[in-house]
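Please open the structure in a viewer and keep the sequence panel visible. The tour below proceeds by selection, one stop after another.

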Amino acid sequence: MGENILQLEAIKVRYSGLPVLHDISLHVDSGETVCVVGSNGAGKSTLLRAIMGTQRVFEGRVVFQGEEIQRLRTEAVVSKGIIYVPEEKMLFQPISVEENLRLGAYVLHDRGTIEKNLRFVYTLFPRLQERRFQAASTLSGGEQQMVAIGRGLMSNPTILMLDEPSLGLAPILVDEVLDTVRRLKAEGMTILLVEQNVREALDLADRGYVLQTGKIVAEGTGQELLKSDMFRSAFLGI
Amino acid sequence: MDILVSSLFAGLLIGMVLALVALGLTIIFGVMDIVNFAHGEFLMIGMYTGLLTAQATGVDPLFTLPVAGAVGFALGIICYYGFIKFVMRGPMVAQLLGTFGLMLFLRNLALLIFGSEDRSLHHGVLVGKSFELGMGIIIPATKLAAAGLSVAAFVAVWLLMNRTKVGKALTATALNPQGARYMGIPTERMNALAWGIGGGSATIAGALIVNFWSVNPFVGLLFTMIAFAIVALGGFGSVPGAFFAGLVVGLITEIPGFWDFMSYTFEFEWMMDVPMTSFKYMWVYVAYFVIMVFRPRGLFGWKQ
């Protein structure tokens, strides 16, 4: 594990005055896969959106590679190297898979790098290569998730943030998506993952944080969390 | 027969210009989901720009296109950053009233500066010249030039949208603005660019028609209404749709002339009492209603 890449220092987020995140502090180191788990409404997506600058951070700091970024616009955050793959995927539906992927490389300027990244995405998801001229809207849910992740990888992100990548997928596809995350991890990618498949996510992550009603209530390695009482009572009802 | 063919040609030619007018409207709508009621006022400003530049320099108004395009582009961007950006935060009705207000403002500003009288230009090199295609088919040179340059401008914008990185980013912003921001696309600047292109294509169209269309501060509304019909016919936000619907509308505006010609030639008294040319823009909307009934998304529907 390398140096600290992303660090949240006591951030607070409010929706129309109501606090949704209280004093969240967490960090992600280079090459690490960190997972944030929590039930619906715990504030997991809000956390990622706060990092992206789509959700205003009221207090606290978001530090990325030594630089404060909590006041930057979303597009500036992206050009720093933080990529967010939203839960809703937000694909450009009527245009082709390949055009979607190429738009993912908007912040890059070198053609060679873009072509290299495109080949990497196609080796990661051979099915996207088969369908590269099809409109994104014609793909299945699993394939659309592949486009969303692939599009995120196109810009050589320093950190990839995946928001519930397995949401709404059939069990067999859930495994496929999580396998992809595992492969990216093996490639050395730094990943911040928000997942609802708690066991599998914690199993593959290096470390995890448990978020409950806007607070971090537990942290540790995946195995530690799976064994901890706090975690078992929060998720497994034991 | 030759009169029919001449009418068809005239319709296609004016249709190409109308397509360029509608192009700006459809791009602004496509990118921002906002209907620009002031679009025809941009065209009116383009007409004055062409007319005044041509008069001041003595060149043909067709050579004033770069000036008109630059004025429209700048005007579009100023409107966006100075006004539209703020209205976008309000509800839909605020946006409608906002661009409607912009229309009234620009129109009355033109009234203040230029006065209400009709102005026209007669010194253009092409004025009065025409081509004979044989069989009595005559095409005025001014309209041919306007149509040709409109198509050129249209193709240029199409290439910009489809072949350049900034054009793809503009399309992405139109399709999913939040998704575009997550790709690092500065959507605010893309919105401004859409207004720039929208304003520029309208003013270029204005400078193109000033050779054969007189200008006054109220000329815009007609073009706004026609452009609305074209955008709805072609499909909201669709660029190829705007082109083909423009041709359709151009043809529709010329057919009543042919009808009148027939009624005078064959002396159908009941038809001569009601010259159809007087109502030619009504037929545009009749066609619009008919297509809306059978194909509400327009001919090339893109956005719902």
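What follows is a tour of a predicted model, with a selection to make at each stop.

**Stop 1: the sheet of chain A**

Begin by selecting the strands β2, β1, β4 and β5 of chain A, given here in their order across the sheet. These 4 strands form an open sheet with antiparallel pairing. At its edges are β2 (18–29) and β5 (67–68) of chain A, each of which pairs on one side only.

Next, restrict the view to β1 (residues 4–15) of chain A and its partner β2(A), which are joined in the antiparallel sense over 8 bridges. Which residue stands opposite A:N4 in β2(A)? Selecting A:D29 shows the answer, for A:D29 is the residue that faces A:N4.

**Stop 2: the helix across the sheet**

Add helix α1 (residues 44–52) of chain A to the selection. This helix lies across β1, β2 and β4 (59–64) of chain A. Relative to β2(A), helix α1 of chain A runs at about 70°.

**Stop 3: where chain A touches chain B**

Colour the two chains separately and select the contact between them. Chain A contributes 16 residues to the contact, and chain B contributes 13 residues. On the side of chain A, the elements giving two or more residues are α2 (74–80) and α3 (97–104) of chain A. The largest share of that side comes from α2(A), with 4 residues. By class, the side of chain A that touches chain B has 10 nonpolar residues, 5 polar and 1 charged.

**Stop 4: two crossing helices in chain B**

Move to chain B and select helix α6 (residues 165–175) together with helix α8 (residues 187–209). Their axes come within 10 Å and cross at roughly 100°, which means that α6(B) is roughly perpendicular to α8(B). To see the contact, show B:A169, B:L170 and B:T173 of α6(B), and B:T187, B:M190, B:L193 and B:A194 of α8(B). This contact of α6(B) with α8(B) comprises 5 nonpolar and 2 polar residues, with no charged residues.

**Stop 5: the largest nonpolar core**

Finally, select A:M161, B:V17 and B:I230, the residues with the most contacts inside the largest nonpolar core. That core has 160 residues. Helix α1 (residues 2–32) of chain B gives the most to this core, with 18 residues.

Which residues surround B:I230, leaving aside its neighbours within four places in sequence? Those in contact with B:I230 are B:L18, B:A19, B:A22, B:A242, B:A245, B:G246 and B:V249.

Technical notes
Residues are numbered from 1 along each chain as its sequence is written. Chains are lettered from A and ligands numbered from 1 in the order in which they are written. This is a predicted model: local features need pLDDT of at least 70, side-chain atom pairs count only at pLDDT 80 or more; totals for chains, interfaces and linings use all residues. Axes are lines fitted to C-alpha atoms, for helices over the stretch in contact, and angles run from 0 to 180 degrees between N-to-C directions. Angles under 35 degrees count as roughly parallel, over 145 as roughly antiparallel, 65 to 115 as roughly perpendicular and the rest as oblique. Two residues are in contact if their C-beta atoms, placed from the backbone, lie within 7 Å. Ala, Val, Leu, Ile, Met, Phe, Trp, Tyr, Cys and Pro count as nonpolar, Asp, Glu, Lys and Arg as charged, and the others, Gly among them, as polar. Two strands pair if DSSP finds at least two bridges between them. A nonpolar core is a set of buried Ala, Val, Leu, Ile, Met, Phe, Trp, Tyr and Cys residues joined through C-beta atoms within 7 Å. A residue is buried if 20 or more other C-beta atoms lie within 10 Å of its own, exposed if 12 or fewer, and partly exposed in between; C-beta atoms are placed from the backbone.
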